Amino acid sequence: MEKYGIPQKFLPGKAYINGSWVAGKEGKTFEVRNPATGELLAEVPDLGAADAEEAIGVAYETFQTWKETTAKERANILRRWGELLLTNQEHLAMLLTLENGKPLYEAKAEVGSSASLFEWYSEEARRTYGDVVPTHNKKMRLVFVRQPVGVAGLITPWNFPAGMIARKAAAALAAGCTTVLKPAEDTPLSALAMAKLGEEAGVPPGVFNILPCSRANAPAIGKTFCESPLVAKISFTGSTATGKVLLQQAASTVKKVSMELGGNAPFIVFNSANVDEAVRGAMTCKYRGSGQTCVCANRILIQEGLYDEFCNKFAAEAKKLVVGDGMKEGVTQGPLINERGFEKVKRHVEDALQNGGKVLVGGKPHSLGRTFFEPTVISEVTNKAVVFEEETFGPLAALVKFKTEEEAVVIANNSRHGLAGYFYSQDISQAWRVAEKLEVGMVGINESLISLDSIAFGGVKESGLGREGSKYGLDDYMEIKYICFGGI
């Protein structure tokens, strides 16, 4: 990693428990490789259930003092943490690109948005207000206060290895919780680098703990989080299948749970839309992160009046995408995260073609090999294609023609997922109708980049439970306690 100029402090090569950098009880390691080149980046401790139990115990003990800190004290730490992210943005972005593969400019934006989340929650920490409730009895006073739930077990994905940590950990710490975090096995380096900056910002030992582990050990650590009576809250971002397992396991101890699970976002272009704006929005929404985002467009529905024009313009823009190593200047599309992701995209493309789809752009593995797939546009996709039911998580744009607004809404809602939905329309009446009818947690109208620190991020149906970000983001890390004073 020396050739990239990344400071050694961001490559500790250890896990982080109770303010110490440790190797884990068994001393095992696993490899972290660059998905673009296959280069070995680091060997990281491969922790297991016993390490998780230790970290949980530490976090529980530390919670007894951390919850007593003032909101201002917590706010100051979070603000410093965010400022350190910006100070080190260049190096953190390089590290993120190396382990994740996304273009460097996207990685820089992610680090910047992570810093904004720390800033946001440094401010929200001081706004955890309670209530004084009117009573029918003159001798009674009724009060609601909000208190932190306790230890939060956090499980984050590889597609936003810094952003998802910020979204969860900043909220948890602002509320007064302590945390034990398991990063994705593909991208643990960003998590460890963030822990180093948290240490510099003044996060006390035991408040923020990092447990890297291999794919083989991930289920055991997740189960330990869910079944430990010392853990009060689970926050998970990842696949719906894994989320369902964690929900079942967490039920044994009746924890607070928030889940940000898979999406299958519809992107609708109505006849009234500005087609050029819709094309730009769809390009950003579909191909950011090589299509590996939970809110990216998975089904692009175009009304018949604009269908041919949209397809032609969209295909022309897709041809301009530059595929390659995210560390190289000018690259706009990096690799898929691993071979599993690559094979899924390949399967979805083949299935779409078998069900009547027509390739307009791409359609096959890229000549760079490994985990690279060509940015692909397929028109005439039918509802028999697997892309209608499964989230592709890759650079496949499936274009679908529809006739009426009612038909588009039915197609869009015909999914067990409901995270994000988008549509382009200049008809204000239509905008209200469709926004209200879409069965999703978030709607973008004539806008495809909708994630901000101030918005309530989350879905409905099998896309999850709870909300992250915004003023509501602290709710899942706090309990409302009712206090009744008598004999006044």
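What span should the 13 residues of helix 9 cover at 1.5 Å a residue, and how far apart are its end C-alpha atoms? The expected span is 18 Å and the end C-alpha atoms are 18 Å apart, so the two values agree. The model is predicted.

## Annotated span

The UniProt record, an unreviewed entry, lists residues 21–483 under "domain: Aldehyde dehydrogenase". Within the model, 38% of this span is helix and 21% is strand. The C-alpha atoms at its two ends are 42 Å apart.

## Helix 9

Helix 9 covers residues 275–287. At its start, a side-chain oxygen of asparagine 274 comes to within 3.1 Å of the backbone nitrogen of aspartate 276. Just after the helix, glycine 289 adopts a positive phi of about 65°.

The buried residues of helix 9 are Val275, Ala278, Val279, Gly281, Ala282, Met283, Cys285, Lys286 and Tyr287. An α-helix has 3.6 residues a turn, so residues three or four places apart point the same way. The packing partners of the buried residues in helix 9 include one helix, helix 10 (307–318). Strands also take part in this packing: strand 12 (265–269), strand 13 (297–303), strand 15 (376–379), strand 16 (396–402) and strand 18 (420–424).

## Hairpin of strands 3 and 4

Strand 3 (residues 29–33) has side chains that alternate between two faces. Phe30 and Val32 point to one face and are buried, whereas Thr29, Glu31 and Arg33 point to the other and are not buried. Here, buried means under 20% relative accessible area.

Five bridges join strand 3 to strand 4 (residues 40–45), with antiparallel pairing. Across this pairing, phenylalanine 30, on the buried face of strand 3, has valine 44 of strand 4 as its bridge partner. Six residues lie between the two strands of the hairpin, and glycine 38 has a positive phi near 80°.

## Sheet 5-6-22

An open sheet is formed by three strands in the order 5-6-22, with antiparallel pairing. Strand 5 (131–133) and strand 22 (478–485) are the edge strands, each pairing on one side only. From one strand to the next, the twist averages 25°.

Which residue of strand 6 stands opposite valine 132? The residue facing valine 132 is valine 143. Strand 6 spans residues 141–148, and three bridges connect strand 5 and strand 6 in the antiparallel sense.

Definitions and conventions:
Residues numbered from 1 in each chain as written. Predicted model: local features only at pLDDT ≥ 70, side-chain atom pairs only at ≥ 80, totals over all residues. Heavy atoms only, no water. UniProt positions renumbered as here; feature names shortened; annotations may be inferred. Helix = DSSP H or I, 4+ residues; strand = E, 2+ residues; numbered from the N terminus. Expected span 1.5 Å × (residues − 1). Buried < 20%, exposed > 50% of the residue type's maximum accessible area, 1.4 Å probe, protein only. Contact = heavy atoms within 4.5 Å. Polar contact = N/O pair within 3.5 Å; in protein donor to acceptor, adjacent residues only side chain to side chain. Pairing = 2+ DSSP bridges. Axes fitted to C-alpha atoms, helices over the stretch in contact; angles between N-to-C directions.
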